[in-house]
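Work through the following exercises with the sequence and the coordinates at hand. Each task is followed by a solution in steps.

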Amino acid sequence: MSAIRRLLEGWHRLECMVAVVCFSFIAGILLLDVIGREFVGPLLRLLGFEPGATGIFASQKLSVFALVIGSFAGIGIATATGSHLVPRVGYALFPDSWGPALDRIADLLTGAFLVGVAWYGFKFVLSSKGTDLRAPVLDWSVWPFQLAIPLGFLSAAGRYFFYAASPALKPKPPEFLE
Amino acid sequence: MKALGILGYVLGSLALRQPLLVILMGATACMHMFWGRGNLEDIIEDMWVGLDKEVILSIPLFILCGNVMTRGSIAERLIGIISALTRQLPGGLAVATIVTCAVFGAISGSSIVTMLAIGTVMYPALRKAGYDNRFSLGAIMSAGTLGIIIPPSIPMIIYGLVTETSVIDLFAAGFGPGLLITTVLSAYAMWFNRRMPTQAFEWRSFAAAFRRGIWALMMPVILLGGIYSGYFTATEAAAVALAYALLVEIFVHKELAARDFYNVVLETSKLGGSLFPLLAVALSLNIMLTEHRVPQALVTVMQDYISSPVMFMLLVNLLLLVVGCLMTTGEAILVLGPLLAPLAAAYGYDKVVFGIIMILNLEIGFLTPPVGLNLIVAMSAFKQPFGLLCRAAVPFIFLMLACLAIVVWQPGIAMYLVNGKF
């Protein structure tokens with residue numbers, strides 16, 4: 001059990017690092033872009049220089065890619081911390097004593113569903129790679145960035161299977177979700 | 001029959017405790033199978049396309065900014081300035097609580113963050129000054145909800161994305177109703193505490209508090225000033241606000257270290273991980289609904305039964321108030337926004353006004369059991385029983401309902417800053 005727990009913790013740390021790098025990148029690049037465009041450019045013009053474009057080239061497109069990678073790494077983080085939004089309207093339908101069994105069935109179903117989503121995600125990425133779909137402005141192939149989508153779903157699915165097999169591994173949901 | 005099948009799937013998923021992400025994805029997949037080409041990769045493609053929007057980038061930036069600001073002593077510094085200004089009023093400290101929540105709402109886009117940032121400082125202060133416990137809790141919980149109506153507001157950005165409404169217009173429109181609620185709650189606080197002793201205004205203590213809090217006070221000025229003057233887009237304003245927050249917290253207040261920043265970003269990632277995939281699925285579902293003209297079909301069906309816009313608005317408000325009791329704001333906007341906004345437009349309501357009305361309804365939902373998040377969070381933050389918190393919220397819910405009714409009756413309160421007309 002402790003080996004699995006360590007595996008999950010390592011996995012979680014890796015996803016946290018990916019997400020932190022991505023969100024820091026978004027903040028940094030957008031900030032530099034705004035500073036360049038709105039402050040540095042006008043200042044240089046005021047001083048008599050003609051600096052051309054002073055923002056960061058394709059900053060928003062790069063930020064969107066970072067957002068996709070960070071967000072889909074975040075699916076695993078949200079699963080590992082019990083932060084996914086789960087509507088509680090159906091909870092009253094069954095007696096409380098059924099709760100633990102229902103939770104395990106729910107985790108198994110969620111895991112299986114997410115494996116299906118990941119499957120279609122991989123099909124989408126393969127078709128994108130096959131047609132060599134490229135990002136406007138940057139002219140980069142987009143499939144490596146798109147790969148974050150099925151990987152994120154697969155990561156979350158794996159966790160749900162572990163939780164179904166061993167509910168003790170499942171995190172307690174936070175007190176609030178917004 | 002197919003629609004009943006989807007409804008059955010949704011109800012079954014709710015009973016089986018599935019995450020909203022799975023419920024929405026499953027419903028979208030059913031629609032693709034029943035009415036589309038049955039090509040399920042299209043859902044992933046729509047999710048990819050849905051996230052490829054500039055304004056979406058403002059969400060992590062505003063969340064980051066809010067997290068940076070709440071880690072330091074910004075709230076405490078704002079409280080210092082506003083308390084120095086309101087001390088001569090009856091119930092001055094309570095008024096300061098409400099007004100500080102409003103000012104903090106212009107920095108943070110979240111109800112809970114606002115309630116906790118101000119409430120954890122002000123609740124003990126109110127109790128120490130002899131304010132009634134039930135009143136104090138009600139004031140803090142209800143004023144906390146100003147975080148989502150006074151811009152910047154994360155629910156407004158989500159509504160703007162799923163209904164293709166201008167986020168800048170929504171931000172402008174949230175200002176009037178936010179001020180109205182602040183005024184009404186403050187007036188109630190003054191009336192309720194009319195027998196509380198007052199203090200004379202002191203220039204010296206005000207000047208000291210102002211000097212200590214000027215950097216914090218400049219934050220909403222820069223953020224909202226940049227947006228309303230048209231100088232920045234919502235995303236640029238969020239980036240500038242984040243830079244300002246970091247500069248102030250690191251170099252002026254000296255309350256943020258590198259390790260803290262890692263934790264702040266991690267918190268943002270956690271929230272982003274639950275929100276963005278959900279948003280992507282909702283946007284994918286939205287594309288599917290629009291392709292199959294579902295909102296238009298709903299409009300036709302609704303107009304067969306309800307011809308009066310007033311009746312429509314009444315029913316929608318009732319629906320949203322009930323939904324607010326059962327769902328969180330994000331869930332409700334993602335699910336109902338794309339369906340209700342076109343209906344409202346068909347009955348002659350501007351999508352911006354409708355967004356504000358929707359958020360006002362859901363704002364009240366923060367105070368209503370069983371899923372009133374401010375009640376749930378207040379329970380552990382202030383160590384008070386849930387029943388007492390529910391009772392404490394009642395008078396404030398009525399006041400907020402009155403404000404909602406006023407905005408529905410006079411949409412100019414919201415739209416004045418958008419089109420300059422009452």
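**Exercise 1.** Is B:T235 buried or exposed, and which residues does B:T235 touch?

*Solution.* The model is a predicted one.
- Step 1: place the residue. B:T235 belongs to helix α13 of chain B, residues 234-252.
- Step 2: apply the cut-off. Buried means under 20% relative accessible area. B:T235 has a relative accessibility of 2%, so B:T235 counts as buried.
- Step 3: list the neighbours. Leaving aside residues up to four places away in sequence, B:T235 touches B:E54, B:V55, B:L57, B:S58 and B:L61, and also A:L30 of chain A.

**Exercise 2.** Determine how the axes of α10(B) and α14(B) are arranged, and classify the residues of their contact.

*Solution.*
- Step 1: take the geometry. The axes of helix α10 (residues 154-163) and helix α14 (residues 258-291) of chain B come within 9 Å and cross at roughly 30°.
- Step 2: name the arrangement. Angles under 35 degrees count as roughly parallel, and α10(B) is therefore roughly parallel to α14(B).
- Step 3: assign the residues. From α10(B) come B:I158, B:L161 and B:V162, while α14(B) supplies B:L275, B:L279, B:A282, B:L283 and B:N286.
- Step 4: sort them. Seven are nonpolar, one is polar and none is charged.
- Step 5: consider the spacing. An α-helix has 3.6 residues a turn, so residues three or four places apart point the same way.

**Exercise 3.** How many salt bridges are there over all chains, and which parts does the pair of A:R159 and A:E15 tie together?

*Solution.*
- Step 1: count. The search of the whole structure yields 15 salt bridges over all chains.
- Step 2: examine the pair. In the salt bridge between A:R159 and A:E15, the closest N and O atoms are 3.0 Å apart.
- Step 3: locate the partners. A:R159 lies in helix α5 (residues 148-165) of chain A and A:E15 in helix α1 (residues 2-46) of chain A, so the pair ties together parts 144 residues apart in sequence.
- Step 4: check the exposure. A:R159 counts as buried at 1% relative accessibility, and A:E15 counts as buried at 8%.

**Exercise 4.** Describe the exposure of the partners in the salt bridges A:D132 with A:R134 and B:R212 with B:E76.

*Solution.*
- Step 1: take the chain A pair. The closest N and O atoms of A:D132 and A:R134 are 3.2 Å apart. A:D132 is partly exposed at 38% relative accessibility, and A:R134 is partly exposed with a relative accessible area of 38%.
- Step 2: take the chain B pair. B:R212 and B:E76 meet at 3.7 Å, N to O. This pair links distant parts of the chain, with B:R212 in helix α12 (residues 203-228) and B:E76 in helix α5 (residues 74-86), 136 residues apart.
- Step 3: classify these two. B:R212 counts as partly exposed at 41% relative accessibility, and B:E76 counts as partly exposed at 41%.
- Step 4: look for shared partners. Salt bridges that share partners join A:D33, A:R37, A:E38 and B:E236 into one network.

**Exercise 5.** Test the span of α1(B), then say which of the residues of α1(B) are buried.

*Solution.*
- Step 1: compare. The 14 residues of helix α1 of chain B (residues 2-15) should span 20 Å at 1.5 Å a residue, and the end C-alpha atoms are 20 Å apart, which agrees.
- Step 2: list the buried residues. They are B:I6, B:S13, B:L14 and B:A15.
- Step 3: find the cover. What covers them includes α2 (20-34) of chain B.
- Step 4: inspect the end. Just after α1(B), B:R17 has a positive phi of about 55°.

Terms used: Residues are numbered from 1 along each chain as its sequence is written. Chains are lettered from A and ligands numbered from 1 in the order in which they are written. This is a predicted model: local features need pLDDT of at least 70, side-chain atom pairs count only at pLDDT 80 or more; totals for chains, interfaces and linings use all residues. Side-chain values use heavy atoms; hydrogens and water are left out. Helices (H or I, at least four residues) and strands (E, at least two) are DSSP runs, numbered from the N terminus. The expected span of a helix is 1.5 Å times one less than its number of residues. Buried means under 20% relative accessible area, exposed over 50%, partly exposed in between (1.4 Å probe, protein chains only). Contact means heavy atoms within 4.5 Å. A salt bridge is a side-chain nitrogen of Lys or Arg within 4 Å of a carboxyl oxygen of Asp or Glu. Axes are lines fitted to C-alpha atoms, for helices over the stretch in contact, and angles run from 0 to 180 degrees between N-to-C directions. Angles under 35 degrees count as roughly parallel, over 145 as roughly antiparallel, 65 to 115 as roughly perpendicular and the rest as oblique. Ala, Val, Leu, Ile, Met, Phe, Trp, Tyr, Cys and Pro count as nonpolar, Asp, Glu, Lys and Arg as charged, and the others, Gly among them, as polar.
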